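Trainee: Could you take me through the salt bridges here, one pair at a time? I would like to know where each partner sits and how much of it is accessible.

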Amino acid sequence: MEILSENRSFGGSQKVFKHPSNTCGCEMTFAAYLPPQAEDGPVPVLWYLSGLTCTHENAMVKGGFQEHAARHGLAVIFPDTSPRGDNVSDDEAYDLGQGAGFYVNATRDPWKPHFRMYDYIVNELRSLVIENLPVQDRHGITGHSMGGHGAMTIAIRNADLFQSLSAFAPIAHPTQSDWGRKQLSAYLGDDESTWAEHDATLLLEEHGWKGDLLVDQGANDQFLDLLKPEALADMMARRRQPGQVRMQKGYDHSYFFVNSFARDHVEWHSARLN
């Protein structure tokens, strides 16, 4: 790993790295916040997956996680949302291609050679973080919008790898949303039977989650009809899944919303990881 930047933050260190990725076939960039407690020994990890159009930088700068992570002794990993580069396929639309990896392994051209964000998060970057940073092999995961979709689907499918799970305004039922059907058909093909393993509502119905869930959703979110939180809440009730879907009055889809509830989520993960 090559370090690109390092800044002191709340007694800890906010770092940005790049590395060659065998999984994605290009250089990848990610950020890692290491709390002051990491100077004395390994700390648990909270993964934050970002949404459409974001890079590693958006939540690192706007999410407000460092202060709370420093207080509770958690490292926070901010991956990028897709492979990038001149040789990586892209699309003119903001919600497909670079910046919109959707945390799946693409099986269709032209996306197949590089768009393998599921394997990148679950296997390659996870191993890189554990081997090179002062962290424990104890992990929580959260994310916003497309990243909330990624966090929930990755954790439910890999319950042995994650001890805690939450989400901010996740794309909760992508197989029934324009934020989902477009990307899943482009990356995976038209056989909708292959889409279910990337839909948090359907995965919850089939597998449940081993712990409790925390989901925050802005009640004034301009993308509410695309996110479909009601499908997730209904499935949690039907399956009697422990957890909460909290509709937050007056909040939209922005990082002001994420920043407002970052403390709640860090404290929630800390209680389950420490």
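Mentor: Happy to; here is a walk through the salt bridges and their partners. A word on the basis: this is a predicted model, where local features need pLDDT of at least 70, side-chain atom pairs count only at pLDDT 80 or more, and totals for chains, interfaces and linings use all residues. Residues are numbered from 1 along each chain as its sequence is written, and side-chain values use heavy atoms, with hydrogens and water left out.

Searching the whole structure gives 16 salt bridges, each being a side-chain nitrogen of Lys or Arg within 4 Å of a carboxyl oxygen of Asp or Glu. Let's start with Lys182 and Asp95, whose closest N and O atoms are 2.7 Å apart. Lys182 belongs to helix H5 (residues 178-188), while Asp95 is in the loop between strand S5 (75-79) and helix H3 (117-132), so this pair ties together parts 87 residues apart in sequence. Helices (H or I, at least four residues) and strands (E, at least two) are DSSP runs, numbered from the N terminus. Asp95 is buried at 7% relative accessible area, whereas Lys182 is partly exposed at 35%; buried means under 20%, exposed over 50%, and partly exposed in between (1.4 Å probe, protein chains only).

Next, Asp264 and Arg246 meet in a salt bridge of 3.0 Å, N to O. Here Asp264 in helix H9 (residues 255-273) is linked to Arg246 in strand S9 (residues 243-248), 18 residues apart. Asp264 is partly exposed at 26%, and Arg246 is partly exposed at 22%.

Asp80 also pairs with Arg84, at 2.7 Å between the closest N and O atoms. Asp80 is buried at 5%, but Arg84 is partly exposed at 27%. Finally, Glu2, Lys18 and Glu27 are joined in a salt-bridge network.
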